[in-house]
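Visitor: I would like a close look at one part of this model, with the reasoning spelled out. Please start with the cysteines and then move on to a helix pair.

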Amino acid sequence: MNFDLSDDQLALRGAARGLLADLAHPREADGFDGALWKAMLDQGWLGVELPEADGGLGMGTVEAAVLLEELGRHVAPVPYLQSALALGALHRAGQTAWVERLLAGDAVGTVAAKPGALTIAAPLADVAVVIDGDAVLLVDLTGARPRREPAMDLTRPLGWLAASGIDAERIGGEEHARTLFDRAAAGHAAEMLGAADRVLTMAVDYAKEREQFGQPIGSFQAVKHRCADMLVDVEGMRSAVYYAAWSIGADHPDASIAASTAKVWCSDAAKRVMASALQVHGGIGFTWEHDLHLYLKRSQLDQVSFGDAAYHRDRLAGLLRQRVERGESVV
């Protein structure tokens, strides 16, 4: 069985990496890069999972994970994950008008794990899809966008969605809520994978160039071990992310388990990778001029979005307990 990306998926990754390398400038965009967003819409990335008959590319969740990994690798200042999640939820709910507006770039979407949440891209969004217990709500933000709140991560704007007094329309039930939550957890894990992989490369490159006592610091055992541990973490993240993406796309019975597993592993591993990268870089890694802090701050926000590692461990325990009570295997 071949677990590698297909030729088409590798081509998609290469095209995405090239476009983002040319156009993604997180320091200059103040949270949103209009030129990059337009280029992504022109490429059809937002509808990567939608059927071609509905204006999408007719691909799947694995291809979406490929794009999200690259977006995380370049700290892209665009609300791709949030809009893509909203688009998918609206498409499943038959909200054709909003789907067409999002695909055309006439609107921006976002998602929230609960009403009243501090939400990524809310200050940019025209529509929010909100999980409210066992329901999914559509909230029209046109003319009533939340104001931008101060945040450590300057590459993505944050805003509070109102918890009450909002004009919300129920567009889905428990199954829709679970699907959206799984996709959001896996999506944030994919972004963390891209950021961690890029930070690993930065640390290794720096260890080859920086010299102490007349030799590269990468020749020292302590630095070698740091980099080796980072590689193990990143490869574990990659396996967890792509299994979750495949499971969700295949509507596998383990999709929720795979999504929570990916979120747990990537949240914890990303912390370790970022901490090790700071140690390898030494003083320069703590400076504003170095890009490492951009990845660190974005990763910290991804770690807590749609449930942190502790939340997903509890969720996994509940999901696996149901199997035990039915007399089924948990492996």
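Visitor: Is cysteine 266 buried or exposed?

Guide: This is a predicted model, and in it cysteine 266 is buried, with a relative accessible area of 0%. Cysteine 227 also counts as buried, at 12% relative accessibility, because the cut-off for that class is under 20%. Neither residue takes part in a disulfide, as the structure holds 0 of them. The reason is distance: the closest cysteine sulfur to that of cysteine 266 belongs to cysteine 227 and lies 20 Å away, too far for a bond. Seen from the other side, the sulfur of cysteine 227 has its closest cysteine sulfur in cysteine 266, again at 20 Å and too far. A disulfide would need the two sulfur atoms within 2.5 Å.

Now to the helix pair. Helix 7 spans residues 174-209 and helix 10 spans residues 292-304. The two pack with their axes 10 Å apart, at an angle of about 155°. Helix 7 is therefore roughly antiparallel to helix 10, because angles over 145 degrees fall in that class. The crossing of the two helices is left-handed.

On the helix 7 side, the contact is made by His188, Glu191, Met192, Ala195, Arg198, Val199 and Met202. Their partners in helix 10 are Leu292, Tyr295, Arg298, Ser299, Asp302 and Gln303. Sorted by type, the residues of this contact comprise 6 nonpolar, 4 charged and 3 polar.

Conventions
Residues are numbered from 1 along each chain as its sequence is written. This is a predicted model: local features need pLDDT of at least 70, side-chain atom pairs count only at pLDDT 80 or more; totals for chains, interfaces and linings use all residues. Side-chain values use heavy atoms; hydrogens and water are left out. Buried means under 20% relative accessible area, exposed over 50%, partly exposed in between (1.4 Å probe, protein chains only). Axes are lines fitted to C-alpha atoms, for helices over the stretch in contact, and angles run from 0 to 180 degrees between N-to-C directions. Helices (H or I, at least four residues) and strands (E, at least two) are DSSP runs, numbered from the N terminus. Angles under 35 degrees count as roughly parallel, over 145 as roughly antiparallel, 65 to 115 as roughly perpendicular and the rest as oblique. A crossing is left-handed if the near helix is turned anticlockwise from the far one by less than a right angle, and right-handed if clockwise. Contact means heavy atoms within 4.5 Å. Ala, Val, Leu, Ile, Met, Phe, Trp, Tyr, Cys and Pro count as nonpolar, Asp, Glu, Lys and Arg as charged, and the others, Gly among them, as polar.
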